[in-house]
Amino acid sequence: MAKEIPLNDTVTLSMLDKDPYPVYQELRRTTPLVRLQAIDRVILTKARDTHYVKTTPDLFGSHDTTTPMQRAFRGHTLMRKDGEAHLRERSAMVPPLSLDTITNEWTSVLTLIAHDFISELPRGDTLDLKTAFAEPLAARSLARLLGLDSASNEDLLEWAPALIQGAMNAARDEAVFARSDQANDAMDACFRSNMERFLQAPNSSVLSHMTHMSDPLPFSQIGTNLRICIGGGLVETRDGLLTTLYGLLGNPDQLEDCMSKAKWKAACEEGLRWVAPIQTSPRIVLEDTEICGYPLEKGQTILAAQASANRDEDLWKDPEKFDINRTLIRHQSFGDGAHNCLGQNIYRVFISAIVLPMLFDRFPKLTLAPSETVQFRGFGFRGPENLPVTLN
Ligand code: HEM
């Protein structure tokens, strides 16, 4: 007989926002599948279960038209579609985000962008790498890659949080939607003007590719899927980079090892494993089923916590530690299955082959500013709120 899913009524939203990792550690040990009262969802915390849910599309889908995301993104994005409908929209972005395109078309552009930012960082100063570096760097590189050259860094840094807060607006607060509406008006104008430009002068960007497809998507779908890249791509790139930097700066022996042996790829992957920038992903149960003997009902939304999966003791020794010398760093931070992240090639190349080596080449003695503390926050999206460093 199927078991009853345990209910946890002690974990609070504030605990999850401040630091979900002790909670996950305890849940993995005691109740790896549990209903968290604070979020009114069943959550899965073991790597085998989160992987299973993401890679079994017959039983667990993404098609959800009831989330605030649809309202906030001015349409139903590819991330919340399944099957053919998902594949058609995903295919429109695969070629411009492929490893070949990134390597052949974008490496030189991204190198110049990184060089511009890194060469302007003032040697000897103490500053917050989040606002002074990671945010504008992520914004500029994303604008070029997507084909939104006319958007300023400030535009993108307003649009991304407006979209994310709109997507998380479960209370459907009109003020939050008003902010995403305003951002969407500006984004639509930006998309249209750049599409006109690409009709005359195509390039390798995502929007140019979408403009020139033989069977193009409707404008609404081009826009809504570009918003996924803006919302996710900017905030996650920033958070992933800052987390990796914090891990390296907090472990000077590993940083030394990294610099002398060019272990930047390992550092990049370990940063992603250690603190997943997108911590959880929802899935809808498509048929009555069970996991580990616990019943899941058709229509129910469950949360796969890749952040917890990435620290599963079954896979990693001392998973709470940042350690670039792990033999296995196959994390789930870019998702799994049909919806795995389309931006993973660009992130990996940009951060591990360009940004990290260039930053530490210019500032080999970069250190955390001693008197400041670094605070991580977030349950859905997570990263450092600040990264004060001295540039030496
Ligand atoms: C550290 C950086 C990033 C992380 C950790 C990340 C993480 C993720 C995750 C976990 C998913 C899957 C969500 C799910 O299964 O429901 C996803 C999907 C996606 N990501 Fe990323 N992302 C990053 C950067 C980017 C960038 C830079 C772009 C665009 C240039 C991008 C574009 C997308 C798109 C379009 C999807 C939807 C794919 C689909 O539904 O088929 N991401 N990302």
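This is a guided tour of the structure above, one selection at a time.

The model is predicted, so local features are given where pLDDT is at least 70, side-chain atom pairs count only at pLDDT 80 or more, and totals for chains, interfaces and linings use all residues. Residues are numbered from 1 along each chain as its sequence is written.

**The ligand**

Select the ligand and the residues near it, meaning those whose C-beta atom, placed from the backbone, lies within 6 Å. The shell holds 25 residues, and Gly-233, Glu-236, Gly-335, Cys-341 and Gly-343 are the closest. Two elements give two or more residues to this shell: helix 11 (219-249) and helix 15 (344-362). Helices and strands here are DSSP runs numbered from the N terminus (helices H or I, at least four residues; strands E, at least two). Helix 11 contributes the most, with seven residues.

Now colour the shell by type: 13 residues are nonpolar, 10 polar and two charged. In this count Ala, Val, Leu, Ile, Met, Phe, Trp, Tyr, Cys and Pro are nonpolar, Asp, Glu, Lys and Arg are charged, and the others, Gly among them, are polar.

**The core**

Stay on helix 11, which also supplies the largest share of the largest nonpolar core, 12 residues. A nonpolar core is a set of buried Ala, Val, Leu, Ile, Met, Phe, Trp, Tyr and Cys residues joined through C-beta atoms within 7 Å. Buried means 20 or more other C-beta atoms within 10 Å of the residue's own, exposed means 12 or fewer, and partly exposed lies in between, with C-beta atoms placed from the backbone. This core has 101 residues, of which Leu-142, Leu-146, Leu-156, Leu-163 and Ile-230 touch the most other members.

Select Leu-163. Leaving aside residues up to four places away in sequence, Leu-163 touches Ala-72, Phe-73, Ser-180, Ala-183, Arg-227, Ile-230 and Gly-231. Contact means C-beta atoms, placed from the backbone, within 7 Å.

**The sheet**

Next, show the open sheet of six strands, with order 1-2-3-9-6-4 and mixed pairing. Strand 1 (7-8) and strand 4 (60-61) are at the edges with a single partner strand each, so one side of each has no neighbour in the sheet. Two strands pair if DSSP finds at least two bridges between them.

Work inward from strand 4, which pairs with strand 6 (residues 281-285) in the antiparallel sense over two bridges. Phe-60 has Val-285 in strand 6 as its bridge partner. Strand 6 in turn pairs with strand 9 in the antiparallel sense over four bridges, and Ile-284 stands opposite Thr-301 in strand 9. Strand 3 and strand 9 are parallel, over three bridges; Leu-44 has Ala-304 as its bridge partner in strand 9.

Add helix 3 (residues 47-54), which lies across strand 2 (33-36), strand 3 (41-44), strand 4, strand 6 and strand 9 (301-304). Helix 3 runs at about 125° to strand 9. Axes are lines fitted to C-alpha atoms, for helices over the stretch in contact, and angles run from 0 to 180 degrees between N-to-C directions.

**Three single residues**

Select Asp-181 in helix 9 (residues 174-200). Asp-181 is partly exposed because 16 other C-beta atoms lie within 10 Å.

Then go to Ala-262, in the loop between helix 12 (252-261) and helix 13 (264-274). Ala-262 is not a glycine, yet has a positive phi of about 50°.

Finish at Asp-318, in the loop between helix 14 (306-309) and helix 15. Asp-318 has a positive phi of about 45°, although not a glycine, and is exposed, with 10 other C-beta atoms within 10 Å.

Terms used
Two residues are in contact if their C-beta atoms, placed from the backbone, lie within 7 Å.
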